[in-house]
Amino acid sequence: LYEKEYKRKDGRIIPIELQTYLIKDDQNCHRGYWAFIRDISIRKKMDAEQRENEERIKAIVMNAPIGIAVCGKDKYFISANESFCKILGFSEDELQKMTFKDITHGDDINESNRLIQDLINGKVTYFTLEKRYIKNDKSMIFGKVIVSTIRDPQGSPNYIIVELEDITEHK
């Protein structure tokens, strides 16, 4: 089974999937081939559209002026856009070794943890909180955070989505 391009009688080139089978007679001698050809133009077009959509969404998130990060069920950061990294002064690699507790001011950890548990347990669909963050250089900022989840079909949270805005100047 493999894919290749095929030139039609009208000159148009289309992608196809080709599957061949060897035909043997009773004495196990080669007698020919069976070949099945399927036009996969629609699938290829849909795949390209999906890749384009994924790239567009990724570009929107990565270039957003607000900080956006994704955490796993274990609360460790999986990814963060450039704005999130700039706000806190950490690289994405550094953040991937951290949880929200590592960047939250000690006096704000209990409330953050309670709200995240409510979110994970399905008591709320999202929450908004103003809290203090500790940056990489150990300075403190005020941030407004909006936190939500992406759930699997059974309703269990797969990812925690964090949107962060630096509101230090407003405070």
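What follows is a walk through the fold, the surface and a few side chains of this chain.

The model is a predicted one, and its secondary structure adds up to five helices and eight strands. Read from the N terminus, the order is β-β-β-α-β-β-α-α-α-α-β-β-β. In other words, three strands come before the opening helix, two more strands follow that helix, then four helices run in a row, and three strands close the chain.

As for overall shape, the C-alpha atoms take up a box of roughly 85 × 35 × 30 Å along the principal axes. The radius of gyration is 26 Å, whereas a compact globule of 171 residues would come out near 16 Å. Buried residues account for 30% of the 171 residues. Looking at contacts between residues at least 6 apart in sequence, 34% of them link residues at least 24 apart.

Now for the surface and the charges. The chain exposes an accessible surface of about 11,800 Å², and carbon and sulfur atoms hold 50% of that area. There are 28 positive and 29 negative charges, and the mean positions of the two sets sit 5 Å from each other.

The aromatic side chains are worth a stop too. Searching the whole structure turns up three aromatic pairs. In one of them, Trp-34 and Phe-36, the ring centres are 6.3 Å apart and the planes meet at 10°, so this pair counts as stacked. Phe-77 and Phe-84 pair up as well, with ring centres 5.6 Å apart, but their planes are at 55°, so the pair is tilted. The surroundings of these rings can be described as well. Trp-34 has a relative accessibility of 52%, so this residue counts as exposed. Phe-36, at 44%, counts as partly exposed. Phe-77 and Phe-84, on the other hand, are both buried. Trp-34 and Phe-36 also belong to a wider group, since Tyr-21 joins them in one aromatic cluster.

Finally, there is Lys-58, which lies in helix H1, the stretch covering residues 41-62. With a relative accessible area of 57%, Lys-58 is exposed, because the cut-off for that label is over 50%. Where does Ile-109 sit relative to Lys-58? The two residues are 51 residues apart along the chain, and their C-alpha atoms are separated by 30 Å.

Notes. Residues are numbered from 1 along each chain as its sequence is written. This is a predicted model: local features need pLDDT of at least 70, side-chain atom pairs count only at pLDDT 80 or more; totals for chains, interfaces and linings use all residues. Side-chain values use heavy atoms; hydrogens and water are left out. The radius of gyration is taken over C-alpha atoms; the globule rule is 2.2 Å times the number of residues to the power 0.38. Buried means under 20% relative accessible area, exposed over 50%, partly exposed in between (1.4 Å probe, protein chains only). Contact means heavy atoms within 4.5 Å. Accessible areas come from the Shrake-Rupley method with a 1.4 Å probe; for residues, only the protein chains shown count as cover. Lys and Arg count as positive and Asp and Glu as negative; His and the chain ends are not counted. The place of a charge is taken as NZ of Lys, CZ of Arg, CG of Asp or CD of Glu. Rings of Phe, Tyr and Trp (its six-membered ring) pair if their centres lie within 6.5 Å; planes under 30 degrees apart count as stacked, over 60 as edge-to-face and the rest as tilted.
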